[in-house]
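Me: I am new to this structure. Please take me closely through one stretch of strand pairing, and then follow what lies around it. Short sentences, please.

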Amino acid sequence: MTAARGWQFFMHPGPTNIPHRVLQAMQRPAVDFTGPEFVALRDRSLERLKGVLKTQKGCVIAYAASGHGAWDASIANLFSPGDKVLVCQAGYFSENWSVTARQYGVEVEAVSAKERRAIEPEAVAERLAADKEGKVKAVMIVQNETATGTRHPVAEVRAAIDRARHPALYLVDTISSLASYDFRMDEWGVDLVVGGSQKGLMLPPGLSFTAINARAWEAAQVAKCPRRYWDWRTMVEGGRQLRFCGTAPIPFFYGLEASLDMIEEEGLENVFARHRRLAQATRACVRAWSTVSSHGGGPEVYPLEAEAASDSLTAVLTPPGHDADRVRAIASERYGVALGRGLGALQGRVFRIGHMGDLNEPMLLGALAGIELALAEAGVPHARGGVDAAMDALRAPAAAKQLAA
Ligand code: PLP
């Protein structure tokens, strides 16, 4: 049973909280999706999304589908059966993008991250340098591995591809990083971006998109993988998406417009700064919990290196022998705090605190307090004072100075 009174603190790493403004924008009667009102809205929204992707050259193509659909679109449009791709493998989602590629007959070679660490760009450079015959058609990376709360170095991997002087296409999944922290499609030479509605964009799940540049478009003209629903050639004309395969996902575009209004009003860089602040506070909290003794012993932030820790979620590793799912169950049932579960090999070992999208400081602190209570009730060794540490991290420097005086 969920806590009976008050707010539920929804702290999943996607879907995330949907602002009332977005919900209200989506709640409207149907319109003709070929009529002028919707066509103008669609064109406007796809164009404005380019601001979040930091691209002027890219073409955004949206689908009535979850992120898995955009994964399918990325593979089906770019490759032919027998092609080879190099996937930066670092957890559940990069592994599953590889599964999609294999289903289309694409050969997957993996560059694997070390446990609890980010991908090493040099490892990518070495693999590409060894590919003398140019067999690798693309390098694929997930910017933010949602299963481990780890950010991977997209700009640095681009530099590694350049160092190896390799012509591979560069594909980046930004599903849990876009509109939460920085991504630069044009500057980082990304040929295809995968994005989704239900995380930093604060929409319900069900709209996903790819953004492509001219190289990706050219690759799609010769690719032989079978495709129907995802076929860019039937959707795009003159570098713009003019139609969907089937009925357009109308309400999403009304919601997207509201979400983009909110992001633009706050300012994209301020959105990033807020995510950074909330992430730092969360990590300060977990670090405080971890210090049971001078050797630690409590729950830990999953990535070992501070610079690899994600600004959109924190994956928390429970001490050996302590079930992360029990913490989640108590947090949800007793305190109304909904957390993400561990995925794949991390099931039962990790719980995930989403801090992306429509979230502020008191919401985060309330949730962290609920989790601290749940840790105690689950008998997980931890030091008290996590929420204090989070508040210390959140205190603006000026306020902290006043307090100290
Ligand atoms: N890629 C990443 C990084 C994700 O976090 C997710 C979902 O959480 C997906 C892909 C798959 O998206 P969906 O669940 O919308 O199909």
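Reply: Start at Ile 61, which stands opposite Thr 210 in β10. Keep in mind that this is a predicted model. Ile 61 falls within the range of strand β2, which covers residues 59-64. Strands β2 and β10 pair in the antiparallel sense. Six bridges hold that pairing.

Now stay with β10. Strand β10 covers residues 207-212. Are its residues buried or exposed? Six of the six are buried, so the strand is largely enclosed by the rest of the structure. The cut-off behind that word is a relative accessible area under 20%. Look at the strand face by face. Leu 207, Phe 209 and Ala 211 are buried on one side. Ser 208, Thr 210 and Ile 212 are buried on the other. Both faces are covered. Thr 210, the partner of Ile 61, thus belongs to the side with Ser 208 and Ile 212.

Next, step to another neighbor of β10. Which strand is joined to β10 by five bridges? That is β9, and the two run antiparallel. Leu 192 stands opposite Ile 212 in β10. Strand β9 covers residues 192-196. So far the path runs from β2 to β10, and on from β10 to β9.

Continue from β9 to β8. Three bridges join β8 to β9. Here the strands run parallel. Val 172 stands opposite Val 193 in β9. Strand β8 covers residues 169-173, and five of its five residues are buried. It is therefore largely enclosed by the rest of the structure. Leu 169, Leu 171 and Asp 173 are buried on one side of β8. Tyr 170 and Val 172 are buried on the other.

One more strand follows. Strand β5 covers residues 136-142 and pairs with β8 in the parallel sense. The pairing has five bridges. Ile 141 stands opposite Val 172 in β8. Val 172 therefore appears in two pairings: it faces Ile 141 and it also stands opposite Val 193.

Asp 173 leads to the ligand. A polar side-chain atom of Asp 173 lies 2.7 Å from a nitrogen atom of the ligand. The protein covers 89% of the 380 Å² of accessible area that the ligand has on its own. Which residues come nearest to the ligand? Of the 13 residues around it, they are Ser 66, His 68, Thr 146, Asp 173 and Lys 199. His 68 has a polar side-chain atom 2.6 Å from an oxygen atom of the ligand. Gly 67 uses its backbone instead: a polar backbone atom there is 2.8 Å from a ligand oxygen. The largest share of the shell, three residues, comes from helix α3, residues 67-78. What kinds of residue make up the shell? Four are nonpolar, seven are polar and two are charged.

Other places are worth a stop. Arg 42 lies in helix α2, residues 36-53. Arg 42 is buried, with a relative accessible area of 5%. Its side chain reaches the backbone oxygen of Leu 242 at 2.7 Å. Beyond its sequence neighbors up to four places away, Arg 42 touches Gln 241, Leu 242, Arg 243, Phe 244 and Phe 253.

There is also an open sheet of five strands, with mixed pairing. Its order is β1-β15-β16-β14-β13. The edge strands are β1 (9-11) and β13 (300-301), each pairing on one side only. Strand β1 pairs with β15, residues 337-341, in the parallel sense over three bridges. Met 11 stands opposite Leu 339 in β15.

Just after β14 comes a buried loop residue. Thr 318 is found in the loop between β14 (313-317) and α11 (324-335). Thr 318 counts as buried at 7% relative accessibility. A polar atom of its side chain lies 2.8 Å from the backbone oxygen of His 322. Among the residues that Thr 318 touches are Gly 348, Arg 349 and Phe 351.

Finish at Ala 288, in helix α10, residues 268-290. Ala 288 and Val 387 are 99 residues apart in sequence. In space they are 8.6 Å apart, C-alpha to C-alpha. The contacts of Ala 288 include Ala 383, Gly 385, Gly 386 and Ala 389.

Definitions and conventions:
Residues are numbered from 1 along each chain as its sequence is written. This is a predicted model: local features need pLDDT of at least 70, side-chain atom pairs count only at pLDDT 80 or more; totals for chains, interfaces and linings use all residues. Side-chain values use heavy atoms; hydrogens and water are left out. A residue is near a molecule or strand if one of its heavy atoms lies within 4 Å of it. A polar contact is a pair of N or O atoms within 3.5 Å; within protein, one must be able to donate a hydrogen and the other to accept it, and residues adjacent in sequence count only if both atoms are side-chain atoms. Accessible areas come from the Shrake-Rupley method with a 1.4 Å probe; for residues, only the protein chains shown count as cover. Helices (H or I, at least four residues) and strands (E, at least two) are DSSP runs, numbered from the N terminus. Ala, Val, Leu, Ile, Met, Phe, Trp, Tyr, Cys and Pro count as nonpolar, Asp, Glu, Lys and Arg as charged, and the others, Gly among them, as polar. Buried means under 20% relative accessible area, exposed over 50%, partly exposed in between (1.4 Å probe, protein chains only). Contact means heavy atoms within 4.5 Å. Two strands pair if DSSP finds at least two bridges between them.
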